[in-house]
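Got your viewer open and a selection tool handy? Let's walk through a few spots together, one selection at a time.

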Amino acid sequence: MAHDSDLPCDGDGRCMICKISPPLEETLTCKTCVTPWHLNCLSARPQTLADAAQWECPDCSILISSHPPPSTVTSGSEPSAALIAAIRAIESDVSLSEQDKAKRRQQLLSGGGSDDGGKATNANNEIGVGGDSDVLKLLSGSLNCSFCMQLPERPVTTPCGHNFCLKCFEKWVGQGKRTCAICRTSIPPKMASQPRINSSLVIAIRMAKLTKSNAASGPPKPYYSVLNQNRPDKAYTTDRAKKSGKANACSGKIFVTVPPDHFGPILAENDPERGTGVLVGETWEDRMECRQWGAHLPHVAGISGQSHYGAQSVALSGGYEDDEDHGEWFLYTGSGGRDLSGNKRTNKTQSFDQKFEKYNEALRVSCRKGYPVRVVRSHKEKRSAYAPEKGVRYDGIYRIEKCWRKPGIQGYKVCRYLFVRCDNDPAPWTSDENGDLPRALPFIKELKNATDVTERKNTPSWDYDVEKACWLWKIAAPESRKHIDNGDVEDGNSTRKVRRKTQTMSVSERLLKEFCCFICHKVMSLPLTTPCAHNFCKSCLQETFAGQTFMKERTCEGRRTLRAQKNIMKCPSCSNDISEFLQNPQVNRELMSVIESLQRQMKETEKSDDIIIALEGVKDTNERADDDKKVLIAKTSHKSKPLKTNKVTVETGDEVTKGSTSGG
């Protein structure tokens, strides 16, 4: 920037300095980047109308002044000079309309253009050229991280609608910067300290990568999407059960055929309801619904296991301050150490040391034997960027590598466990299409002062097979000690057919399904991304809070006026306050362009399919007409066939001719 006080107008036309929407006569547009600026807020204004017509903003003037003129720039010049040359080439192209020029300039400035005037980028975004194989190019041209210029890994979306990798965003914020790197809009403090991963973008990028890899390797792999209609019945249904609170939480039906002490993933053969098994990334409304699908059976306790047998699953719900979540690995705090004789719901204070007993011992047994442990994360864990936006989510298989005891934050000793992810499916927060590979253990500082350290010495039961390139049981899984109820019926037929739904939707249709509004459940129009990483239509979100004011006036029994109080406006999908975001919501332009491109692609595909169907119909009609014509010719020739004559000789010797049919 030429001056620290120079800032342009945002996407809605509001000046970023005075926070007002200036009229057209007070707006000045840069001739290079076509960015609107408020004339009254500029540190250096043009003096004449001729200067205003050729005016360039401080950003572009710095680029031009620090490099040779565009006429002398060659293809091997520095990137900034090449960018100016590309913009000049777009301006000089008479075959483009003003709207096309603006689009190509925007593509260049966002990092998606090239020196050929944006033609290569535009070709990538053209719909119908390559079908589903161009979806990855479409996403990479619109959703790239502005720091590493790659598709965002664990994407974070700012309220102004720009996407970054989680690591890039944390590095940017760690430098003390609290504004967006693209539009310089301020980042909310809560989002800067606790960024949330945009799960919709994660699924979209992974699907696009799977499409590319499947096109190169052969037939596509099935993609399962857990939809709302697949949700099971509630754990309790009667009014009497509802009045008793959680007393009937364990009364719900278990929809999988695994025993309660089952180790490892729940596969398709154990899922007679859907035939897919419990998939990584599958979410449920609460812990009771999670229990019904066998991912984590206890609806209150965070550990499921037996002290002499091992632990099958754990839940991360923010119950202990010592927990640290890093996605692929996390430090987990054991249970106990609290006096629960009083209020069990609010008692969060540690009152004595934890010991390796009961559930804590079950986790240590799984550590020694290398058993796989299922992990679910709850939205109640507010300190983790990897927690789901709502409900409970299954995040796959982890293995406990070490466990120890150390003094906790509250002064008492706690049992600590190092979990490392080892699943064959990718994590819900990464767009990779493959699962985990064996990774080196992280460096844990607290091990220096730890006691009772336990490490696995023998071969783990669940390990990575290099030949098969997957995680599997190296040592046979322990046999269940529970009796399995197969649900035998009267006729003795206990087997149930597994129905698998074939995927007939294209990649574009599946991507659009992921870009649905959380309120109307339709494809978003003018999408908004809140600081808590939820996506809504702009109209739906505004209608939700229609009639509410941002400040609430208060009076003391009508005698005197009190200080106005801020009105809390909670996100429709979580409990976060988004009132500041609603004061000036910014449309996610990058996501909107992707949605529009996918919709155009679907329309082009439907048109081509209609043409193919019409041509096939004409072909069938012609073939039927030809067949009818052949039949008609055959019948006509059959009727007009000449009669045969038989000569009959009589005794007189005269020849008498008698007409007869061919069968006479």
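Start by selecting Arg364 and Phe356: in this predicted model, Arg364 lies over the face of Phe356, 4.3 Å from the ring centre. Then jump to Arg338 and Tyr320 for another arginine over a ring. Here Arg338 sits over the face of Tyr320, and the distance to the ring centre is 4.0 Å.

Next, the aromatic pairs. How many aromatic pairs does a search of the whole structure find? The search turns up 17. Pick Tyr386 and Trp429 from the list. Their ring centres are 5.1 Å apart and the planes meet at 70°, so this pair is edge-to-face; the cut-off for that label is over 60 degrees. Now colour by secondary structure and see where the two partners come from. Tyr386 belongs to the loop between β10 (373-378) and β11 (392-407), while Trp429 belongs to the loop between β12 (413-421) and β13 (451-455). The pair links distant parts of the chain, with the two positions 43 residues apart in sequence numbering. Buried or exposed, Tyr386 and Trp429? Switch on a surface: Tyr386 is buried, and Trp429 is buried too.

Stay with the rings and select Phe263, Tyr309, Tyr371, Trp462 and Trp473 together. Ring pairs join these residues into a cluster.

Now go to helix α16, which spans residues 589-639, and click on Leu598. Its relative accessible area is 0%, so Leu598 counts as buried. What is Leu598 in contact with, leaving aside its neighbours within four places in sequence? Show Ser508, Leu511, Leu512 and Phe515: those are its contacts. Try a distance label between the C-alpha atoms of Leu598 and Leu512; it should read 7.2 Å, although the two leucines are 86 residues apart along the chain.

Last stop: backbone torsions. Most residues other than glycine have a negative phi. Keep that in mind and select Met149, in the loop between α6 (135-142) and β3 (155-157). Met149 is not a glycine, yet its phi is positive, near 60°. Move along that loop between α6 and β3 to Arg154. Arg154 is not a glycine either, and its phi is also positive, at about 55°.

Bring the surface back for these two. Met149 has 33% relative accessibility, so it counts as partly exposed. Arg154 comes in at 14%, so it counts as buried; the cut-off is under 20%.

Definitions and conventions. Residues numbered from 1 in each chain as written. Predicted model: local features only at pLDDT ≥ 70, side-chain atom pairs only at ≥ 80, totals over all residues. Heavy atoms only, no water. Phe/Tyr/Trp six-rings, centres within 6.5 Å; stacked < 30°, edge-to-face > 60°. Helix = DSSP H or I, 4+ residues; strand = E, 2+ residues; numbered from the N terminus. Buried < 20%, exposed > 50% of the residue type's maximum accessible area, 1.4 Å probe, protein only. Lys NZ or Arg CZ within 6 Å of the ring centre and 35° of its normal. Contact = heavy atoms within 4.5 Å.
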